[in-house]
Amino acid sequence: MGGSFSCLAGDSCNERTALDRRGLGYLFEEGTRFAGRRCDYGWDVGRFEGSDVKVKRSGQKVNSVSVKWSVAVAPAIAQGWMSSLFNYDEITFFHSERMVHLVDSIAQAVGLDGDGLIEAREAAGFHDLGKVEVPISILGKAGTLTKEEFVAVKAHSAVGADLILKASPDFWNIAQGVRTHHERLDGSGYPDGLKGEEIPILGRIIAVADVFDALTHPRPYRAGMFSAESALEFLEDNVGSSFDPGVVSALMAIVGPTSLAW
Ligand SMILES: [Fe+2]
């Protein structure tokens, strides 16, 4: 999949560089023209100025992944997890990296600080770690998943939380954020069908950021993608039933004014 898409960097697409710096890095289909210029950078070439994740590789082989945003989880463990994710599924890896920054902004806006803010960032970075155990034929499938395939995908939030807790019981809050990021306020989510404030704040924050990022970036199972404005509208339409109102308001305050210029 590497090379299927290009990313914004440098002089191309200047209008969106500010978004990148705020962690809202934006991927374009290769050959996309923006502001009259072709965006043709590689996946990890000049990617996201100021990125907190650096990937060094020769050819297809990843030599190292360094993760600067991880504080609570020891660097060796964090880099091992992100390296696994990078090698397994680049789309999920880059999604996770963007999520760290977006969740960080939302978490601060809803009042998290100190350890809570650190845990929010780390839960965001590792929220899809469990996808390393979902067959790649399912993760990369174009089109609708079968019922059985969907069950396999849905396992990732609990699997990821278990992997994190196995590393240390000290990561309980991070693991809970990971486990609950597909829960929905009305109890329709998974894996536990939690409702409202039974869902930890980290899970509620990651849920909103996750949907926003997923809608506004390419996915193999979907043709096209949403504009930021359309994605915000979708989230607003599902406030209360699926998403935490305060978290959606925070995201709108962060992304909304910028998205009007898109
Ligand atoms: Fe997920």
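Two residues count as in contact if their C-beta atoms, placed from the backbone, lie within 7 Å. With that in hand, here's a first fact about this predicted model: among contacts between residues at least 6 apart in sequence, 62% join residues at least 24 apart. The protein has 262 residues, and buried ones make up 42% of them. Its elements come to 11 helices and six strands.

**How confident is the prediction?**
- Mean pLDDT for the protein is 77, with 72% of the residues at 70 or more.
- Of the protein's elements, helix α8 (residues 172–179) has the highest mean pLDDT, 97, while helix α1 (residues 17–21) has the lowest, 31.
- Go a bit wider and you'll see that pLDDT is below 50 over residues 1–50. Even so, the model gives this stretch 79 contacts beyond near neighbours in sequence.

**Helix α2 and its buried side**
- Helix α2 runs over residues 75–88, so to speak a 14-residue piece. From first C-alpha to last it reaches 20 Å, close to the 20 Å expected at 1.5 Å a residue.
- Its buried residues are A78, W81, M82, L85 and F86.
- These sit on the same side of α2, because they cover an arc of only 135° around the axis.

**L129, a buried loop residue**
- You'll find L129 in the loop between α4 and α5 (136–139).
- L129 has 24 other C-beta atoms within 10 Å, and 20 or more is enough to call a residue buried, so L129 is buried.
- L85 of α2 lies 44 residues from L129 in sequence, yet the two are 6.7 Å apart in space, C-alpha to C-alpha.
- Leaving out residues up to four places away in sequence, L129 touches W81, L85, G160, L163, I164 and V178.

**Helix α8, wrapped up by the rest**
- Six of the eight residues of α8 are buried, so this helix is largely enclosed by the rest of the structure.
- The buried ones are I174, A175, Q176, G177, V178 and R179.
- They pack against three helices: α4 (114–125), α7 (156–167) and α9 (201–215).
- One of them, V178, is also on the list of residues that L129 touches.

**The nonpolar core**
- The largest nonpolar core is made of 50 residues.
- Inside that core, the residues with the most contacts are V103, I106, I205, V208, A209, L235 and L251.
- Take I205 as an example: setting aside neighbours within four places in sequence, I205 is in contact with V103, I106, A107, V110, A120 and V247.

Notes:
Residues numbered from 1 in each chain as written. Predicted model: local features only at pLDDT ≥ 70, side-chain atom pairs only at ≥ 80, totals over all residues. Helix = DSSP H or I, 4+ residues; strand = E, 2+ residues; numbered from the N terminus. Expected span 1.5 Å × (residues − 1). Buried ≥ 20, exposed ≤ 12 C-beta atoms within 10 Å, placed from the backbone. Arc of directions from axis to C-beta. Core = buried A, V, L, I, M, F, W, Y, C linked by C-beta atoms within 7 Å. pLDDT = per-residue confidence, 0-100.
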